[in-house]
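Subject: Handing over a structure

Dear colleague,

I am passing on to you the structure that follows, together with some notes on what was found in it. Please look through the sequence and the model before you read on.

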Amino acid sequence: MEKTLSIIKPDAVAKNIVGEILNRFEKAGLKISATKKIRLSKIDAKNFYEVHKDRPFFNDLVDFMVSGPVVATVLEGENAVFKNRELMGETNPKEAKVGTIRADFADSIDANAVHGSDSEENAKIEIGFFFAKKEIF
Ligand code: CMP
């Protein structure tokens, strides 16, 4: 069974749609192995998105991710990384397919409701960023 990390971003938490989004994961057959609400510090957000540090959107992304609490979740299931990315839709909500989380709930490319790991390798790193082994079931 594969695991992946989902982050429900500050925009979606503020819209009170955490349950709605988690429900979509469960309905798609993904299991919630761990979940927590947490407010990232600026250092946390910079470390988490370090791969993007040279991109022009980096500072805006970090500022957005610390603007309110997020909900981090470990999802488990067959092809969990791919399944979660299908459920999320394209990074830019304008390009996301109808019925995906980003098409339905996201306002912009920064406030795009959710983050999901892009590979199994990165999922392991991202899960370790938020959760201790004993918190994952
Ligand atoms: P996420 O999946 O969390 O990964 C990096 C985030 O950077 C992405 O979602 C977007 O919210 C944000 N971002 C802003 N501008 C861009 C861009 N041009 N390309 C990719 N990601 C962007």
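I begin with the ligand, which is surrounded by Lys9, Tyr49, His52, Phe57, Leu61, Thr91, Arg102, Ile109, Asp110, Asn112 and His115. Please keep in mind throughout that this is a predicted model, and that the distances below are computed from it.

Among these neighbours, Lys9 has an N or O atom in its side chain that is 2.7 Å from an oxygen atom of the ligand, and Tyr49 likewise has a side-chain N or O atom that is 2.6 Å from a ligand oxygen. With Ile109 the backbone is involved, since one of its backbone N or O atoms lies 2.6 Å from an oxygen atom of the ligand. On its own the ligand has 450 Å² of accessible area, and the protein covers 79% of that. The space that the ligand takes up is the largest pocket.

I turn next to the strands, starting with S3, which spans residues 70-77 and is mostly covered, with eight of its eight residues buried. In a regular strand the side chains alternate between the two faces of the sheet. In S3 both faces are covered: Val70, Ala72, Val74 and Glu76 are buried on one side, while Val71, Thr73, Leu75 and Gly77 are buried on the other.

Two strands that pair with S3 are worth following in the model. Strand S1, made up of residues 2-8, pairs with S3 in the antiparallel sense over seven bridges; within this pairing, Ile8 has Val71 as its bridge partner, and Ile7 stands opposite Ala72. Strand S2, which covers residues 31-38, is also joined to S3 by seven bridges and runs antiparallel to it, and here Lys36 is the residue that stands opposite Ala72. Ala72 of S3 therefore has Ile7 opposite it in the one pairing and Lys36 in the other, and its side chain belongs to the face of S3 that also holds Val70, Val74 and Glu76.S1 has a further partner in strand S4, residues 114-116, to which it is joined by three bridges, the two running antiparallel; in this pairing Ser6 stands opposite Gly116. As for burial, six of the seven residues of S1 are buried, so S1 is largely enclosed by the rest of the structure.

With best regards

Key. Residues numbered from 1 in each chain as written. Predicted model: local features only at pLDDT ≥ 70, side-chain atom pairs only at ≥ 80, totals over all residues. Heavy atoms only, no water. Buried < 20%, exposed > 50% of the residue type's maximum accessible area, 1.4 Å probe, protein only. Helix = DSSP H or I, 4+ residues; strand = E, 2+ residues; numbered from the N terminus. Pairing = 2+ DSSP bridges. Near = heavy atom within 4 Å. Polar contact = N/O pair within 3.5 Å; in protein donor to acceptor, adjacent residues only side chain to side chain. Areas by Shrake-Rupley, 256 points an atom, 1.4 Å probe, with all protein chains shown as cover. 1 Å grid on protein atoms, 1.4 Å probe; cavity = no way out; pocket = protein on both sides within 12 Å on 5 of 7 lines; lining within 4 Å. Sits in = over half its atoms within 2 Å of the grid points.
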